[in-house]
Amino acid sequence: METRINVFEKGQKALEALFGIAGYLKKATIEKSLLELVDYRVSQINNCAYCLDMHSKEALANGETIQRLCGLSAWRETPYFTQRERAALAYAEAVNACNVPDEIYNIAKAEFSDEELIDLTFAIATINTWNRMNIAARTVPGTYQP
């Protein structure tokens with residue numbers, strides 16, 4: 001395997017921007033449990049093993065159930081999620097695909113304030129960035145502790 005630059009060791013200045021957004025999102029009014037679901041779902045779509053490890057552990061530590069995490073990839077077919085969670089998950093999938101139809105936007109807009117929708121969009125963009133960084137850096141999952 002080709003040797004890669006470890007961006008997490010060599011790129012601290014660049015990563016400060018991401019840590020700044022993460023700090024901002026910790027103060028967001030959106031429920032932490034909902035943000036963890038969004039992070040986990042986007043990480044599933046993007047196939048980021050490290051982020052799946054991290055966000056499953058964070059979600060479970062914050063009271064999420066195994067049943068809901070296991071069913072997250074099929075959230076549309078399950079009864080486990082609230083309307084607000086469903087709106088966030090649909091919106092996250094659409095933003096992740098860079099295609100947000102009016103119908104999905106309007107559903108999200110009905111569940112989230114303007115500020116919350118901005119924060120949700122930043123959360124989706126941020127987990128996308130973390131996914132890409134961890135995949136490119138070949139970050140090994142399994143060691144993260146909440």
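Colleague: How do the residues of the lining of the largest pocket divide into nonpolar, polar and charged?

Modeller: In this predicted model, the lining divides into 14 nonpolar, 3 polar and 5 charged residues. The pocket itself holds about 660 Å³ of space, and of the 22 residues that line it, A22, K26, D39, M54 and H55 are the closest to its centre.

Colleague: Which helices supply at least two residues each of that lining?

Modeller: Helix 2 (12–26), helix 3, helix 4 and helix 8 each do so.

Colleague: What makes T126 count as buried?

Modeller: The cut-off for a buried residue is a relative accessible area under 20%, and T126, at 7% relative accessibility, therefore counts as buried. T126 lies in helix 8, and, when residues up to four places away in sequence are not counted, T126 touches L18, I21 and L25.

Colleague: Why is E111 called partly exposed?

Modeller: Partly exposed covers the range between the buried limit of under 20% and the exposed limit of over 50%, and because E111 has 29% relative accessibility, E111 counts as partly exposed. E111 is found in helix 7 (residues 102–111), and, with its neighbours within four places in sequence left aside, E111 is in contact with Q83, R84, A87 and E116. From C-alpha to C-alpha, E111 and A88 are 8.4 Å apart in space, although 23 residues apart in sequence.

Colleague: How do you know that the span of helix 4 agrees with the number of its residues?

Modeller: At 1.5 Å a residue, the 13 residues of helix 4 (residues 49–61) should span 18 Å, and because the end C-alpha atoms are 18 Å apart, the two values agree. The buried residues of helix 4 are Y50, C51, D53, H55, S56, E58 and A59, and what covers them includes helix 3 (32–46), helix 5 (66–70) and helix 8 (114–137). Just after helix 4, G63 takes a positive phi of about 100°.

Colleague: What makes helix 6 largely enclosed by the rest of the structure?

Modeller: Of the 14 residues of helix 6, 13 are buried, so helix 6 is largely enclosed by the rest of the structure. Helix 6 (residues 83–96) reaches 20 Å from its first C-alpha to its last, close to the 20 Å expected at 1.5 Å a residue, and helix 6 is followed by C98, whose phi is positive, near 60°.

Colleague: Which residues have the most contacts inside the largest nonpolar core?

Modeller: This core has 25 residues, and those with the most contacts inside it are V38, Y91, F112, L120 and I124. Helix 2, helix 3, helix 4, helix 6 and helix 8 each supply at least two residues of this core, and the largest share, 6 residues, comes from helix 8. With its neighbours within four places in sequence left aside, F112 is in contact with L34, R84, A87, A88, L117 and L120. A second, separate core of 9 residues includes L37, A59, L72 and A90.

Colleague: How do you know that I124 is buried?

Modeller: Set against the limit of under 20%, the relative accessible area of I124 is 0%, and I124 is therefore buried. I124 is found in helix 8 and, leaving aside its neighbours within four places in sequence, is in contact with V38, V42, Y91, A92, V95 and N96. I124 and A17, which are 107 residues apart in sequence, are 15 Å apart in space, C-alpha to C-alpha.

Technical notes. Residues numbered from 1 in each chain as written. Predicted model: local features only at pLDDT ≥ 70, side-chain atom pairs only at ≥ 80, totals over all residues. Heavy atoms only, no water. Helix = DSSP H or I, 4+ residues; strand = E, 2+ residues; numbered from the N terminus. Expected span 1.5 Å × (residues − 1). Buried < 20%, exposed > 50% of the residue type's maximum accessible area, 1.4 Å probe, protein only. Contact = heavy atoms within 4.5 Å. 1 Å grid on protein atoms, 1.4 Å probe; cavity = no way out; pocket = protein on both sides within 12 Å on 5 of 7 lines; lining within 4 Å. Points joined across faces, edges and corners; volume = space filled by probe spheres on them. Nonpolar A, V, L, I, M, F, W, Y, C, P; charged D, E, K, R; others polar. Core = buried A, V, L, I, M, F, W, Y, C linked by side-chain atoms within 4.5 Å.
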